[in-house]
Amino acid sequence: YLSIDSHMRFVKGWDKLLIHILNQCPTPKAILTTYPLGYELPNKLSTETRPTITCANCIGSDGMLRLNGKVLTKSSESPILSFFWVSGFSFSKANVIKEVPYDPHLPFLFFGEESSMTVRLWTSGWDFYAPGVNIVYHLWTRSYRKNFRENKDQEGLETKSRNRVRLILGMPFDKEHLNTEEIEKYGIGNARTLEEYQSFSGVNFKEGKIEEKAKYGGLDKSLFLDYLFEMLSQFNK
């Protein structure tokens with residue numbers, strides 16, 4: 001089962017490659033997922049082949065976690081354990097659809113959707129892995145198209161959706177602007193707890209805190225290009 005954004009490009013042989021990498025994962029309920037590198041219209045792909053790992057970036061003014069993708073210094077022969085699920089690229093066995101169905105009661109939600117699915121999937125026993133090589137590319141610029149925020153009903157519905165996610169993640173929420181329809185069906189799983197996920201990932205949703213390990217996906221800083229460039233720039237000052 002493959003879930004992607006609409007504006008994507010793939011390397012040749014991507015389907016066989018994804019199946020091969022998924023079969024390499026050490027756990028039976030594995031999901032390949034990461035923020036991809038970008039491309040330029042119409043089909044100018046990045047020449048970078050090293051993989052990206054999804055990492056915690058910050059907590060936004062709305063209280064929702066922000067993520068980013070960091071490039072590793074080298075490719076990996078094996079899939080890399082990850083803390084986070086992202087909607088723009090996710091590949092797994094199809095039974096994930098039945099076990100953790102996508103919440104249809106989150107209209108117009110942008111930030112918070114991935115945190116909700118991350119926790120719901122992980123507490124249902126699913127594990128996240130980043131492919132050790134680049135397979136898919138994303139068009140990050142939005143300047144060429146319209147987006148959902150131009151819809152007049154967007155703000156009110158997004159507020160209700162955000163409060164729904166805050167409830168699921170154990171965060172303070174506004175009861176006056178909340179949709180609890182089928183909340184148990186689309187809530188936390190029963191294989192692992194929210195507290196266990198927060199300890200695993202280094203993100204505390206209720207307190208709005210991010211540990212250092214979350215900012216580097218649980219890996220050593222030295223394994224990332226941005227950290228390497230930072231060290232080199234300091235050395236050359």
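**A walk through a predicted fold, starting at L121**

Let's begin with one residue. L121 touches I31, W85, V96, V100, W126 and F128, leaving aside residues up to four places away in sequence. There is also a second, separate core, with 12 residues that include I21, A30, F89 and Y129.

Where does L121 itself belong? In the largest nonpolar core, which has 30 residues, L121 is among those with the most contacts inside the core, together with L65, F84 and F205. The elements giving two or more residues to this core are β7 (65-71), α3 (113-123), α4 (154-168) and α5 (194-201). The largest share, 4 residues, comes from α3.

Now step back to the whole chain. Keep in mind that this is a predicted model. Its mean pLDDT is 90, and 92% of the residues reach 70 or more. One stretch calls for caution: over residues 230-237 the pLDDT stays under 50, and the model has 0 contacts for them beyond four places in sequence.

The protein chain contains 7 helices and 13 strands. Its C-alpha atoms fill a box of roughly 55 × 40 × 35 Å along the principal axes. How does the radius of gyration fit with a compact globule? For 237 residues, such a globule would have a radius of gyration near 18 Å, and the chain has 18 Å, so the two agree. Of the 237 residues, 44% count as buried. The chain exposes about 12700 Å², and carbon and sulfur atoms supply 52% of that area. Contacts also link distant parts of the sequence: among those between residues at least 6 apart, 74% join residues at least 24 apart.

Next, look at the strands. Strands of a sheet pair through backbone hydrogen bonds, either parallel or antiparallel. Strand β9 (residues 89-92) is a good place to see pairing. Strand β1 (residues 2-4) runs antiparallel to β9, and 3 bridges join them; here S3 stands opposite S90. Strand β3 (residues 30-33) also pairs with β9 in the antiparallel sense, over 3 bridges, and in this pairing L32 has F91 as its bridge partner.

Which way do the side chains of β9 point? F89 and F91 point one way, while S90 and S92 point the other way, and all of them are buried. F89 is one we have met already, as a member of the second core.

Elsewhere, 4 strands form an open sheet in the order β2-β11-β4-β5, with mixed pairing. Within this sheet, β2 (8-10) and β5 (44-45) stand at the edges; each has a single partner strand, so one side of each is left without a neighbour in the sheet. The partner of β5 is β4 (residues 37-40), which runs antiparallel to β5 and is joined to it by 2 bridges. In that pair, E40 stands opposite K44.

Let's finish in a helix. S161 lies in α4, one of the elements that give two or more residues to the largest core. Is S161 buried or exposed? Its relative accessibility is 1%, so S161 counts as buried, since the cut-off for buried is under 20%. Setting aside residues up to four places away in sequence, S161 touches H105, L106, P107 and L109.

How values were computed: Residues numbered from 1 in each chain as written. Predicted model: local features only at pLDDT ≥ 70, side-chain atom pairs only at ≥ 80, totals over all residues. Heavy atoms only, no water. Buried < 20%, exposed > 50% of the residue type's maximum accessible area, 1.4 Å probe, protein only. Pairing = 2+ DSSP bridges. Core = buried A, V, L, I, M, F, W, Y, C linked by side-chain atoms within 4.5 Å. Contact = heavy atoms within 4.5 Å. Rg over C-alpha atoms; globule rule 2.2 N^0.38 Å. Areas by Shrake-Rupley, 256 points an atom, 1.4 Å probe, with all protein chains shown as cover. pLDDT = per-residue confidence, 0-100.
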